[in-house]
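User: Hi, I have a protein here that I would like to go through with you. Could you take me through it step by step?
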Amino acid sequence: MKKIWCLNDGVSISNVDANRFLFTFSCESDKRQVIHGNPWTFDKALLLLANYDGLCNPATVPLTTQDFWVQVHDLPVLYMNPVVRELIVRSLGGYIEIEQSRTRLWVGSFLRIKVHLDVTKALRLRLQYERLPIFCYICGLLNHTEKNYGVRATLGEVEPRPYGSWLRAALEGPNLQGWSGRTFFTQDPFAK
Ligand SMILES: [Zn+2]
């Protein structure tokens, strides 16, 4: 993990239970870097991280949320106004961050917003998620894949599969590499 996380100092890892580990960082800046670099994956599966204060049983620390950058695409120009934006933000349970400043909120034709995602709930079909790990194309949950359905999935007995790889955003932040061929807004469409 030290290599994956590009840490300056070491990290010690101990098992809490079969799927839960305690990471102890040698320096605070390494920990901040890891927390800020969320979401992380291990074997393509989501690695949920939470701060642990050392005061309770680490097995009881809730691991149910994860911050994700999501993109809302294909919004009609008529919807690019503060009212619709607030409705979208509210439907996502609020936001943590928007792209740098209000003027960058709308990038080209899509809205990019960092949300606090409840990973116990299914992914939303109308969103595209940046750095999305593996998930189930049948029910949209992040904690398993179709393999969990065994031979039933292979035989097509658990169709339909409303979710798919299109939920992965092709462009990822923070600088949206590969974006140069698309159109930018030079002004904030919400500016009054
Ligand atoms: Zn499923």
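Analyst: Let us begin with one pairing: β5 and strand β9 (residues 128-129) run antiparallel and are joined by 2 bridges. Strands such as these (E, at least two residues) and helices (H or I, at least four residues) are DSSP runs, numbered from the N terminus, and two strands count as paired if DSSP finds at least two bridges between them. This is a predicted model, in which local features need pLDDT of at least 70 and side-chain atom pairs count only at pLDDT 80 or more, while totals for chains, interfaces and linings use all residues. Residues are numbered from 1 along each chain as its sequence is written.

User: Which residue stands opposite Gln-128 in β9?
Analyst: That is Gln-71.

User: How many bridges join β5 to β8?
Analyst: There are 8 bridges between β5 and β8, and these two strands run antiparallel. Within this pairing, Asp-67 has His-116 of β8 as its bridge partner.

User: Is β5 mostly covered or hardly covered?
Analyst: β5 is mostly covered, with 6 of its 8 residues buried. Here a residue is buried if 20 or more other C-beta atoms lie within 10 Å of its own, exposed if 12 or fewer do, and partly exposed in between, with C-beta atoms placed from the backbone. Helix α3 (residues 82-91), by contrast, is hardly covered, since the count of buried residues among its 10 residues is 1. Just after α3, Gly-93 takes a positive phi of about 80°.

User: What about the core, which residues touch the most other members?
Analyst: In the largest nonpolar core, which has 18 residues, those are Phe-68, Val-70, Val-115, Tyr-129 and Phe-135. The elements that give two or more residues to this core are β5 (65-72) and β8 (110-118). A nonpolar core here means a set of buried Ala, Val, Leu, Ile, Met, Phe, Trp, Tyr and Cys residues joined through C-beta atoms within 7 Å. In soluble globular proteins, nonpolar side chains tend to be buried together.

User: And what does Val-70 touch?
Analyst: Leaving out residues up to four places away in sequence, Val-70 touches Ile-113, Val-115, Leu-127, Gln-128 and Tyr-129. Two residues are in contact if their C-beta atoms, placed from the backbone, lie within 7 Å.

User: Switching topic, how do β1 and β2 pair?
Analyst: Strand β1 (residues 11-17) and strand β2 (residues 20-25) pair in the antiparallel sense over 6 bridges, and they form a hairpin with 2 residues between them. In this pairing, Asn-15 stands opposite Phe-21 in β2.

User: Where is Gln-33, and why does it count as partly exposed?
Analyst: Gln-33 is found in helix α2 (residues 28-36), and it counts as partly exposed because it has 15 C-beta neighbours inside 10 Å. Gln-33 and Trp-5 are 28 residues apart in sequence, yet their C-alpha atoms are 8.1 Å apart in space.

User: Then why does Pro-160 count as exposed?
Analyst: Pro-160 counts as exposed because it has 8 C-beta neighbours inside 10 Å. Pro-160 is found in the segment after α4 (151-154), and its C-alpha atom is separated by 6.7 Å from that of Ile-138, which is 22 residues away along the chain.

User: Last one, how many helices and strands does the protein chain have?
Analyst: The protein chain has 4 helices and 9 strands, and from the N terminus on, the elements run α-β-β-α-β-β-β-α-β-β-β-β-α. Buried residues make up 15% of its 192 residues.
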